[in-house]
Amino acid sequence: MEGDPGQTLAWRDPVALLNASSIFRDLDHETLRSIGSTLGWLSLPGGATLFEAGEPADSLYLVISGCVGAYAGDPPRLFARIPAGETVGEMGLLSGRPRSATVRALRDSDLARLPREAFERVILPHPAALLRLTQLLVARLEARERRPTGTGSRTFTVVPHDAGVELDAFATELVAALGTHGRTELVRSEHGADHTSAWFHRVESANDYVVYLADAGPTSWSKLCVRQADALLMLAHAATAAAAWPLGSDAGLLATIGARAELVLLQGAAHAGGAASRWCDVLPDVPHHHVQGRGDVLRLARLLTGRAVGLVLSGGGARGFAHIGVVRALRDAGVPIDLVGGTSIGAIMGAGVAAGWTTEEMIERFRRTFVSTNPLSDYTLPIVSLVAGRKVSRLLRQEFGEVAIEDLRLPFYAVSANLTTGRSSVHRRGELWRWLRASVAIPGVLPPVFHGGEVHVDGGAINNLPVDVMRAANRGAVIGVDVGSDTTFTVPIQQVDLPPLWQMFDWFRRHRRRPSILQILWRAGMINSDAATAAGRELTDLLLQPPLADVDLLDWHAFERAIEAGYRHASRRLAELERADRARLGLS
């Protein structure tokens with residue numbers, strides 16, 4: 001509300017405030033005094049709206065402490081954070097049009113208001129100030145369209161589910177992990193409960209990251225911590241009974257203050273299977289993280305600060321074994337793998353990574369599944385498909401068991417093509433084996449997976465390299481591995497109809513290459529995703545395309561050869577990276 005700035009602002013010199021801002025600095029003293037005399041003062045609690053899109057543009061605002069956010073789109077998306085020292089509302093004053101965005105306080109904030117009349121009288125005659133306003137305007141417009149590269153979160157509030165959660169131990173480890181990326185301070189109630197927004201502003205300005213510890217109940221301190229947060233960390237023991245939080249889990253509150261929630265499940269010595277499903281029912285659509293040791297906290301810190309590395313693995317039949325070699329090369333180079341997603345064979349390989357399997361374990365398990373036995377050998381009467389699919393389902397259940405996707409150690413998604421909706425379906429919850437089976441259901445080869453009244457087939461039919469899904473998570477760098485691009489599909493014949501059987505027999509006796517029905521169906525099922533795959537390549541920070549033209553889509557016995565090709569290619573590409581790219585991938 002507008003009025004007396006109170007103790008927070010009364011001592012401030014308006015000229016000093018203006019001179020410290022990015023827009024008004026370097027204007028002469030008399031001009032700054034003239035601007036200062038027209039300022040009004042506002043104090044907004046976190047979540048309060050400064051103005052709505054479509055309202056008349058009657059003022060420019062200078063953020064003195066706290067932070068406000070600009071929202072646009074339907075549903076509204078936070079596209080810009082305006083910290084202390086910057087202005088907001090300048091677009092409408094320059095264009096003369098209504099507000100193009102909604103602006104809300106992301107935390108308790110103090111602002112100075114410059115009316116339109118004063119802006120036109122004092123600012124317009126100064127080209128330097130106008131230039132800086134224009135530059136800021138362009139930067140904000142670009143931010144709306146810019147590809148997300150990280151979360152941008154700086155303040156985190158840990159909200160314990162109950163008093164039994166080891167809050168201090170977790171917070172200490174988190175601060176240490178965030179400290180590897182910048183100066184970090186931990187704030188408890190005994191330190192900050194009686195301070196004004198100006199004190200919080202000074203703490204946040206002096207640090208790269210700030211971690212606030214809320215109480216287990218809805219105390220005034222806890223509510224203040226929620227308002228100060230860019231992200232809420234909902235902390236609970238995985239093995240305990242799932243129940244709602246007394247504070248901070250309200251979706252409307254999170255949307256209002258511009259914060260996001262992250263569910264953190266503390267695991268014991270043994271990973272509690274089924275726990276994530278229970279807790280995700282309490283906080284639906286909220287990302288969750290399993291924390292069992294220091295490495296998990298380090299990964300959480302990377303995810304929270306937009307420094308994580310996401311790995312996306314494409315489909316490509318037997319060529320997908322190259323993914324194992326790529327994973328081995330990444331691990332050898334020290335590249336962290338924090339999130340995994342994939343399509344078809346890439347989803348299966350990625351699930352092994354997300355389950356925490358070592359490279360040796362992946363080789364052993366997938367050799368057993370794909371090389372020791374042909375997974376597509378249970379042929380059936382071709383009414384729906386050429387093979388029954390029971391063998392693939394059995395092999396997937398044999399290797400992955402009954403684990404749910406949400407119980408995997410790393411965040412993971414598998415992509416299928418939903419024939420009912422005509423769009424891709426992204427699977428982040430549910431039975432892992434079932435959605436892997438859907439993701440590899442090549443149309444005509446394997447029967448579709450029917451679930452919830454919908455029909456799911458191989459994700460490669462629509463999106464064979466689902467980098468867009470990973471990029472939308474906005475967690476950091478994305479590595480894409482495309483093993484389906486070398487789909488050379490040529491034959492040395494000219495033919496319209498099938499020849500007689502004796503000519504077919506002679507063809508095969510001479511070892512000439514004629515595509516099988518499996519190969520034709522497989523390639524036909526992937527061809528519609530070529531455009532999406534090309535778009536996915538453009539969205540990567542590092543694109544890996546191992547040379548696999550000599551590996552047939554169904555050549556399961558090319559196992560070692562494909563792994564080695566993936567390893568050599570990834571190792572060479574990592575060695576060639578520029579310094580900036582290495583830093584983005586967590587390499588020294």
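Rings of Phe, Tyr and Trp (its six-membered ring) pair if their centres lie within 6.5 Å; planes under 30 degrees apart count as stacked, over 60 as edge-to-face and the rest as tilted. The model is predicted: local features need pLDDT of at least 70, side-chain atom pairs count only at pLDDT 80 or more, and totals for chains, interfaces and linings use all residues. Residues are numbered from 1 along each chain as its sequence is written, and side-chain values use heavy atoms, leaving out hydrogens and water.

**Exercise 1.** Classify the aromatic pair of Trp 199 and Phe 200.

*Solution.* The structure holds 13 aromatic pairs. In this one, the ring centres are 5.0 Å apart and the planes stand at 85°, so the pair is edge-to-face. Next, consider burial (under 20% relative accessible area; exposed is over 50%, partly exposed in between; 1.4 Å probe, protein chains only). Trp 199 is buried, at 16%, and Phe 200 is buried, at 2%.

**Exercise 2.** Describe the surroundings of Trp 357.

*Solution.* Trp 357 forms a tilted pair with Phe 366, with 5.7 Å from centre to centre and 50° between the planes. Both residues are buried. They belong to one aromatic cluster, together with Phe 321, Phe 370, Phe 400, Trp 556 and Phe 559. Finally, the charged end of Arg 365 sits over the ring of Trp 357, 4.3 Å from its centre; the criterion is NZ of Lys or CZ of Arg within 6 Å of the ring centre and within 35 degrees of the ring normal.

**Exercise 3.** Determine how many disulfides the structure holds.

*Solution.* A disulfide is a pair of cysteine sulfur atoms within 2.5 Å. The structure holds zero. Cys 67 is buried, at 7% relative accessible area, and Cys 280 is buried, at 4%.
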